[in-house]
Amino acid sequence: MRRKTVKTLADLGRLIPLAVCLFAGSVAWIWTHHADAVAAFEKRLVHLLTGRFWGQFEAAGKVGDPAVEHDLLEGLAHDLEHVRSQDRLSDMVEKCHTRLIALAEAKGDLDEALSWARASVAFDGQHVRTLVRLGEVLCARPETRDQGLAHLSALSRKFAGNPHVARALAAQLAAAGRGAEALDVLDAACAVPQSNRWIVLWDEGQGYEESNAHQIPVVVHDCFRLRFDIVGRCKRVRFLTPLFASFTLVQPMLHVVVNGETHVLSLLGPSASVSNMATAGDRLEAVGVSDAFVEVVLPEVAADRWEFTLVAGWQPRRSSLIASPTLLPRFAALRDEWANRGETAQLARLQGWRAVAYAGQPVDLYYRHGKEPFAGVRKVSGTLGTLPDGGFAVEFQVDKPASQLRVDLPADAAGISYRLTKLDVVVDGRLTSLDPRTLELKGTNEVERRDGTFVATGNDPFFWFDAPAGDVVNSVRVEGAP
């Protein structure tokens, strides 16, 4: 090789590391100074790569013909065979499998339903709901019912207290005529010590994304105490309860020590807000659902160190999520059977669980006017309360213009039926009583109306309808029978 060529290659060799450093520095500068642009580019890129698949999935759900929907989703599932459980499209694969199982069950093809359930487990064998779904399908086939019960029982031992497992096992035991065993499963799930790991997030002014901490509270003699410090600026703190926890905090107070001064803030006061939790008088209640939290806005104080102590009275409570299977038709039949046979002890156990199943479940009402979309800014939240006859009711105060109303039934309650008996809407001060059984629905999601009841077919059930004529919807009240 000529000397000139060797020199040229050597010069290029020295330039390559410099070029790599310049490129890396440029990327770092862009990432640091144009984070919003990078995020927007990433979002567009993800949409470009996955958008057509989501479009196919959404289009399949709108065709209205179960046979056509099945064929479209089956084709989509085959197109997604390259996806793995941790990929961006893994949620779509799971949704696709779940819907194909439901469609197969609806047409009575339990063999196909079992095939898709097994495909779902093969795709992600660590997903509890996927494992539970396989057990449910096995139980639905007479020849594999014992196998399904054994599968769910094994899951119950492995995931003690998990509400999805407990609900499925209790429901299947009840369907098999083993009602007392079903109640034993619910009792055992509620007796399992709940996770004591809370997640504390704090906002330094740019949101909650960067900061979080896992905290272990102490409960001694029914007194709850959670102690922690934060170094740095702090605008808000958010307390995420343990997943699916169910308990009551009595007179919850947050003591904040900053710059030597103590501030006492009530978690039920004007500086606090809650999500997926219930408030009743001086009590803050976790009702056994996921993503429950309470958020507190802190005093505007310039400080670099904050000392927090959350204190409250502590009372355990049954989880409405674990209790929810007792609203299934089979448990209603058991109630009547036990009442006719005079089995008062078992009847009292069941009625106690049914009351818990209704009470405290979160329900949302969305409203919109004209072409506005249903959105969180147009939402009123409430919780189901019990009526003297064992039924349930929830009332929403709206006082906004609305042409359509959307009722979101409790989430994570697939298979539960709600026999809605009354739907009262007050518009411009005038009461209009609607019959939920004959009401013209404008749309539904994961909910079907069967024999006068609304049955949740998925974990995000809702339906919407036209509001009575008028300008302002004042309030909406929904009632149901036990």
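Glycine 281 takes a positive phi near 65° in the hairpin of β9 and β10. Two residues lie between the strands of this hairpin. The model is predicted. Two topics follow: the strands around β10, and the cavity found in the structure.

**Strand β10 and its partners**

- Strand β10 spans residues 283–287. The strand is mostly covered, with four of its five residues buried.
- Strand β9, residues 277–280, runs antiparallel to β10. Four bridges join β9 to β10.
- One bridge pairs alanine 278 with glutamate 285 in β10.
- Strand β6, residues 246–258, also runs antiparallel to β10. Five bridges join β6 to β10.
- Serine 246 has valine 287 of β10 as its bridge partner.
- β10 is thus joined by bridges both to β6 and to β9.

**The cavity**

- Rolling a probe the size of a water molecule over the atoms shows where empty space is left.
- A search of the whole structure finds one cavity of 30 Å³ or more.
- The largest cavity holds about 60 Å³ of space.

**Lining of the cavity**

- Residues lining the largest cavity include Val363, Leu384, Phe392, Val394 and Val407. Leu409, Pro410, Tyr418, Leu420 and Val478 also belong to the lining.
- Strands β16 (392–401) and β18 (417–427) each supply at least two residues of this lining.
- By class, the lining has ten nonpolar residues. Polar residues are absent from the lining, and so are charged ones.

Methods
Residues are numbered from 1 along each chain as its sequence is written. This is a predicted model: local features need pLDDT of at least 70, side-chain atom pairs count only at pLDDT 80 or more; totals for chains, interfaces and linings use all residues. Side-chain values use heavy atoms; hydrogens and water are left out. On a 1 Å grid over the protein atoms alone, a cavity is a set of points where a 1.4 Å probe fits but cannot get out, and a pocket is an open set with protein on both sides within 12 Å along at least five of seven lines; lining residues have an atom within 4 Å of a point. Grid points are joined across faces, edges and corners, and a volume is the space filled by probe spheres set on the points. Ala, Val, Leu, Ile, Met, Phe, Trp, Tyr, Cys and Pro count as nonpolar, Asp, Glu, Lys and Arg as charged, and the others, Gly among them, as polar. Buried means under 20% relative accessible area, exposed over 50%, partly exposed in between (1.4 Å probe, protein chains only). Two strands pair if DSSP finds at least two bridges between them.
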